[in-house]
Every structure is written in structure tokens, then in C-alpha cells.
Amino acid sequence: MQSDSHYLKKRFSQNFLEDKSVIEKIINIINPEKNDHLIEIGPGKGALTVPIIKFVKKIDVIEIDKQLVKLLKDNIDDKKLTIHEYDALKFDYSKFKNRNLRLIGNLPYNISTPLLFYLLSYKNIIKNMFFMLQKEVVERICARPGTKEYGRLSVMIQHCCEVESMLEIKPDAFYPSPNVDSAIVKITPLSKTKYKLINDENFKTIVREAFSQRRKTIRNALKMFLNEDDIKAAGIDANVRAEKLEIKDFVELSNLYQVKN
Ligand code: SAM
């Protein structure tokens, strides 16, 4: 696709996929099917959009850069494609009639964490998501308790989704090359969470506070919310750090906090 007139915009994290064999591998992982309604975030110049379009019934793309939107409109003439010139962080994903959305994208790395949190609020209408992210972010998403990567992102996503790291990609697959390695993650929202939560907002607060100062013990980190006896009563050692707790422990602590208030 011709793009000579497009100036790279650093603020939009523009690293375009160029390596055809990597693009093919990513499409095989996404495995688009005829009846899928795909939503692509940050299509850029269409590196994924163009080869994927022939497989699916409908694809909506959300791109913030006006110049790239024009480029896509000029270059792709296909009724299956709808282009939204919009910020993916503010887009209303519930406006699609389909309740089985598949979200894909080589995400802008500078907004990937807030975007993932934002998309979790639409998890009930999403079948699955395949995103390329900075490898370190994928490691955090998939991390297990007791590791240094385990944190707020791991707990908030794994509480309501299955996660799987699928493929690592080196910087030379992109132009310009990012300074970091990348990886693809598959995120599948669960129809029912594994542990029953009484209040979502309390869960968010407890998890955020528990990890706000990673070196603090759970007793100190949560002292505004629960006392040591409460934590012990939940069967949790109050002297460990948040990174040692399982997801069910965070659910337990937030349910306890809800009951006490
Ligand atoms: N998919 C293309 C590819 O793989 O070559 C481009 C990927 S590039 C890493 C990220 C894309 O997301 C860019 O096209 C950028 O303009 C777009 N983008 C950045 N911030 C965005 C936002 N808030 N909402 C929608 N698109 C955004």
C-alpha cells in the first residue's frame, strides 16, 4: 500500500508490520472464520486488515490518525470494511449489534495497559481478543503468583479471562523497529468468573492498593480497608506481599471488605 506521504507520529506508537511471514503467522493464529465480526484496533496502513478481509463477513477498524484513515479509504474498496476515525480508548464497543465480537490488533504500545482495562468493561460482548503487545506486557498479563511480573494487570485480567501467550516477534518485523520485543496474547473472557465476587469496584480497589507499593506486606498495604485479624480470618498470611496471593485470595479479601462496610 502506498504511504509515502504519511509522516510517522510517535505519539500514536506507530510501528508498522512489514514482515510478510510474520503477518501470515499472526493471521494463522487469529484464524479468522467466515461468520466472524472482527474489530481491529489501530489498523495503520492495513498490514493485517488487507490480508484478513477476504476471510470474514465483516470487519470494523478503529484508527485515530486522520491521515491513515484517508490512506485506508483510498486504498481498500470493500463493503465488508467499516472505518471509524476514533480513539479506541473512548470508543463505544457496545454499539455493535453482534455480541460475539473478536478484537484484534497490533496495539499502540503507549496505551496498551489502559486500553486493556477499558476493554475489560466490554468483556460480556467479546468472544476473544488477539493482541500484539510489548513482550513484557504479555508476560505481565500471563504471570503466575510468586513471580516479579505478577501484578495488578495479571490479577484483573486472569480473574475474568483465560490468557495465553502465543508468539514472540522481534523488532525487525516492523518499520520503524521498536526498541522492545513483542508478543501476541490471546485473551478469552470467561462466561462466568472462577470465584464469586460481591462487588467489582471493591475488587478493583483492593487489587490496586495491594500492588500500589509492592514491597509492603498485605497488612500494611491494605490497612485502610482491613485489619490483620480480618486478613488472617480469610486464611491469608498478613505478612506476605501482594505478589504471593492467588486470585481467589484477592476475591476473598474484597468480599470481606464489602461485608464489613
Ligand atoms: N496495525 C498496523 C500494523 O500492524 O502495521 C499498525 C500498528 S501501530 C503499532 C498502532 C496503530 O494504532 C497506528 O496506526 C496508530 O495510528 C493507531 N493508534 C494509536 N493510538 C490509537 C488510539 N488511541 N485509537 C485508535 N488507534 C490508535
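This passage describes an internal cavity in a predicted model and the strand that contributes most to its lining.

When a probe the size of a water molecule is rolled over the atoms, the places where empty space is left become apparent. In the present model, 1 cavity of 30 Å³ or more was found, and the largest cavity holds about 40 Å³ of space. Its lining is made up of Ile26, Ile30, Leu48, Gly105, Phe130, Phe131, Met132 and Ile184, and the elements that supply two or more of these residues are α1 (20-30) and β6 (126-134). In terms of residue character, the lining of the largest cavity comprises 7 nonpolar residues and 1 polar residue, with no charged residue among them.

The greatest contribution to the lining of the largest cavity comes from β6, which provides 3 residues. This strand is mostly covered, given that 8 of its 9 residues are buried, and it is paired with two further strands, β5 and β9. With strand β5 (residues 101-106), β6 runs parallel and is joined by 6 bridges, whereas with strand β9 (residues 182-189) it runs antiparallel, and here too 6 bridges are formed.

Methionine 129 of β6 illustrates both pairings, in that it is the bridge partner of leucine 103 and also stands opposite isoleucine 187 in β9. The parallel pair further belongs to a right-handed β-α-β unit, which is made by β5, helix α4 (residues 112-120) and β6.

Conventions: Residues are numbered from 1 along each chain as its sequence is written. This is a predicted model: local features need pLDDT of at least 70, side-chain atom pairs count only at pLDDT 80 or more; totals for chains, interfaces and linings use all residues. Side-chain values use heavy atoms; hydrogens and water are left out. On a 1 Å grid over the protein atoms alone, a cavity is a set of points where a 1.4 Å probe fits but cannot get out, and a pocket is an open set with protein on both sides within 12 Å along at least five of seven lines; lining residues have an atom within 4 Å of a point. Grid points are joined across faces, edges and corners, and a volume is the space filled by probe spheres set on the points. Helices (H or I, at least four residues) and strands (E, at least two) are DSSP runs, numbered from the N terminus. Ala, Val, Leu, Ile, Met, Phe, Trp, Tyr, Cys and Pro count as nonpolar, Asp, Glu, Lys and Arg as charged, and the others, Gly among them, as polar. Buried means under 20% relative accessible area, exposed over 50%, partly exposed in between (1.4 Å probe, protein chains only). Two strands pair if DSSP finds at least two bridges between them. A crossover is right-handed if, with the strands pointing away from the viewer, the path from the first strand over the helix to the second runs clockwise.
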